[in-house]
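Open the model in your viewer and keep the selection panel at hand. This tour goes stop by stop.

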Amino acid sequence: MDQADHLPLPLSGALSQVPLKVHSSYNRSEILAALGVARFGGQMPRSFAQGVQWVEDLQTDALLITLEKNEKDFSPTIRYKDYALSPRLFHWESQNNTAADSPTGRRYREHAQRGSHVLLFMRRYKNSDIGKPQPWMLLGPATYESHTGSRPMSIRWRLEHDLPADVWTYAAVASAS
């Protein structure tokens, strides 16, 4: 463990049975299987194409974020501005069709009162150096703090755990791009 770049932390509370660790990295199939949405080698949910998945059984929103979005892989309409504001605060833009007063917008804003959860997963780039999809790191549970705008909503999430130092460095730099 002294050689590890990131110390994996277990999820707690209502999500303690989910087989994912904070600050560990996973591919899409592993995330969906761990959340009970799909099985390994199984069909991916259609709604997951945009990187957002509501998991009814766990009362959890899984938000998959790619920080640096290039023109080749991301059209201008989905190059959302996502970045770290501090080691515990994260700025995330919802899908373009999410209005603040829509059922989804209210679910994001009111998740703590409703007893639902938000898990943030983040990767720096879509693909690794060898052209394969880069995995997402589970940043952990997050709590709604505030938002501005609508369609998309710009939401500030408070993370339960500090970002690892190296992740904070490149996630904060994303705000400049």
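Buried means under 20% relative accessible area, exposed over 50%, and partly exposed in between, with a 1.4 Å probe and protein chains only. Select serine 128 to try this out: at a relative accessible area of 25%, serine 128 is partly exposed. Serine 128 lies in the loop between strand E8 (117–123) and strand E9 (136–148). Helices (H or I, at least four residues) and strands (E, at least two) are DSSP runs, numbered from the N terminus. Show contacts, meaning heavy atoms within 4.5 Å. Leaving out residues up to four places away in sequence, serine 128 touches Pro133 and Gln134.

Some ground rules. This is a predicted model, where local features need pLDDT of at least 70 and side-chain atom pairs count only at pLDDT 80 or more, while totals for chains, interfaces and linings use all residues. Residues are numbered from 1 along each chain as its sequence is written, and side-chain values use heavy atoms, with hydrogens and water left out.

Zoom out to the whole chain. Four helices and 10 strands appear, in the order β-β-β-α-β-β-β-β-α-α-β-β-β-α. Of the 177 residues, 42% are buried.

Next, salt bridges: a side-chain nitrogen of Lys or Arg within 4 Å of a carboxyl oxygen of Asp or Glu. How many does a search of the whole structure find? Five.

Select aspartate 61 and arginine 107. Their salt bridge has its closest N and O atoms 2.8 Å apart. Aspartate 61 sits in strand E5 (residues 60–66) and arginine 107 in helix H2, 46 residues apart. Buried or exposed? Aspartate 61 is buried, at 0%. Arginine 107 is buried too, because its relative accessible area is 15%. Helix H2 covers residues 103–109. Beyond neighbours within four places in sequence, the contacts of arginine 107 are Trp54, Asp61, Arg114 and Ser116.

Move to aspartate 162 and arginine 88. Here the closest N and O atoms of the salt bridge are 2.6 Å apart. Aspartate 162 is in the loop between strand E10 (154–159) and helix H4 (165–173); arginine 88 is in the loop between strand E6 (83–84) and strand E7 (89–93), 74 residues away. Aspartate 162 is partly exposed at 39%, and arginine 88 is partly exposed at 33%.

Last stop: glutamate 145 and arginine 156. Their side chains form a salt bridge of 3.5 Å, N to O. The pair joins strand E9 to strand E10, 11 residues apart. Glutamate 145 is partly exposed at 34%, and arginine 156 is partly exposed at 31%. Add Arg158 to the selection: salt bridges with shared partners join Glu145, Arg156 and Arg158 into one network.
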